[in-house]
Amino acid sequence: MKIRQEFKIGIAAIVAIGILVFGINYLKGINMLKQGRNYYVLCDNAVGLATSGHVMLNGYQVGQVREMGVDYRQNKVVVLINVEDDCKLTVDAHAEVAADLLGTASIVLYQGTSSELLKVNDTIPGGNHAKGIMDAARPIAEEANVLMPKLDTLITGLNIIINESKVRESLLNINEITVKLNTTIDELNGILRNDLPGIIANVDHATANLDTLTDQMREADIKKLIANAQQSLDQANKLLTQMNSQNGTVGKLMNSTELHDQLSTTIASLDSLITDIKAHPRRYINVSVFGRKSKD
């Protein structure tokens, strides 16, 4: 029995189409030989997500996005994902849509703590759009766009200031000051090299003399000097005690009012006598003139 040429062509076309479909799916990363487990994810925002996108769990790819559609009643994007048979998700698991630096999004799964597992074709809660690096960098880029005109104005002002002659003169003056400062430092280094050893030698000599004086003071009879001073103080205290006492002559002179009264009386009598002499000098002085005595 001969097979017709048309039948052979049909079989070859079917095989070719099968190989093509398998090859395309293989290039997409879809292994048609593995059945896997299908779940649905409802997303509020699926920007960057496409069919054959990656499904990640703890940073490891566990599946792919198979189909995408829209649920207009809930205003949600419905994503059908296929994961490995060993990836069994709990009922409290949730998913997020995360984008990389190039804007390509993927489904990120987060396993829950419940012991109850989701069934095949169940819906995974979540699907919110996670903030990626680009989302975090967007506010910084906006602030940078605001700062760029100000930075351009600042640079323009700096260029104007730098191009002014006064600024150049100031820079030249700073250069001259730097040269003079270097010269001064060199001179100071020379002074330190030449004079510093002599100064240190003088300081050492003075320190040695101070040590010698300290030793001499240490060897002196300090106790004897203190004893002599104490003896002198005792004698002075004794003298002061005798002067304050009324038993001795000095004490009586200092503490008795009799001597004061007698001196006052004597002075008063002497004053009366001087006054009487001034008034009647003839009573006390006899003057002989030509052998005659004058009588009062």
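## Exercises on a predicted chain

The largest nonpolar core has 23 residues, and Ile 81, Ile 107, Leu 109 and Ile 124 have the most contacts inside it. This is a predicted model, where local features need pLDDT of at least 70 and side-chain atom pairs count only at pLDDT 80 or more, while totals for chains, interfaces and linings use all residues. Residues are numbered from 1 along each chain as its sequence is written, and side-chain values use heavy atoms, with hydrogens and water left out.

### Exercise 1: the core

Work out which strands supply at least two residues each to the largest core, and which strand gives the most.

Step 1. Pin down the term: a nonpolar core is a set of buried Ala, Val, Leu, Ile, Met, Phe, Trp, Tyr and Cys residues joined through side-chain atoms within 4.5 Å. Buried means under 20% relative accessible area, exposed over 50%, and partly exposed in between (1.4 Å probe, protein chains only).

Step 2. Go through the strands. Strand 1, strand 2, strand 3 (60-71), strand 4, strand 5 (94-99) and strand 6 (105-110) each put in at least two residues. The top contributor is strand 4, with four residues.

Step 3. Bring in the general picture: in soluble globular proteins, nonpolar side chains tend to be buried together.

Step 4. Zoom in on Leu 109. Skipping its neighbours within four places in sequence, Leu 109 is in contact (heavy atoms within 4.5 Å) with residues including Val 55, Leu 57, Val 62, Ile 81, Val 83, Leu 89 and Ile 124. Asn 58 and His 94 are also among the contacts of Leu 109.

### Exercise 2: the whole chain

Describe the chain by its helices and strands, its buried share and its exposed area.

Step 1. Count the elements: the chain has six helices and ten strands. Here helices (H or I, at least four residues) and strands (E, at least two) are DSSP runs, numbered from the N terminus.

Step 2. Check burial and surface. Of the 296 residues in the chain, 15% are buried. The exposed area is about 23,800 Å², with 60% of it from carbon and sulfur atoms; accessible areas come from the Shrake-Rupley method with a 1.4 Å probe, and for residues only the protein chains shown count as cover.

Step 3. Look at sequence range. Taking contacts between residues at least 6 apart in sequence, 56% join residues at least 24 apart.

### Exercise 3: salt bridges

Find the salt bridges and say how exposed each partner is.

Step 1. Set the rule: a salt bridge is a side-chain nitrogen of Lys or Arg within 4 Å of a carboxyl oxygen of Asp or Glu. Side chains of opposite charge can pair when their charged atoms come close.

Step 2. Search the whole structure, and two turn up. In one, the side chains of Asp 44 and Lys 76 meet at 2.1 Å, N to O. That pair links distant parts of the chain, 32 residues apart: Asp 44 sits in the loop between strand 1 (37-43) and strand 2 (54-57), and Lys 76 in strand 4 (residues 76-83). Asp 44 is partly exposed at 45% relative accessible area, and Lys 76 is partly exposed at 23%.

Step 3. Take the Asp 71 and Arg 73 salt bridge, whose closest N and O atoms are 3.9 Å apart. Asp 71 is buried, with 14% relative accessible area, whereas Arg 73 is exposed at 80%.

### Exercise 4: a surface patch

Name the residues that make the nonpolar surface patch of about 600 Å² and place Ile 199.

Step 1. Use the patch rule: residues with over 30% relative accessible area and no salt bridge, with like charges joined within 9 Å and nonpolar side chains (Val, Leu, Ile, Met, Phe, Trp, Tyr) within 5 Å.

Step 2. List the members: Leu 188, Ile 191, Leu 192, Leu 196, Ile 199, Ile 200 and Val 203. Ile 199 belongs to helix 3 (residues 165-219) and is partly exposed, at 47% relative accessible area.

### Exercise 5: positive phi

Locate Asn 75 and Asn 121 and give their phi values.

Step 1. Asn 75 has phi near 55 degrees, positive in a residue other than glycine. Asn 75 is in the loop between strand 3 and strand 4 and is exposed at 64% relative accessibility.

Step 2. For Asn 121, phi is near 70 degrees, again a positive value in a residue other than glycine. Asn 121 lies in the loop between strand 6 and strand 7 (123-124), and its 43% relative accessibility makes it partly exposed.
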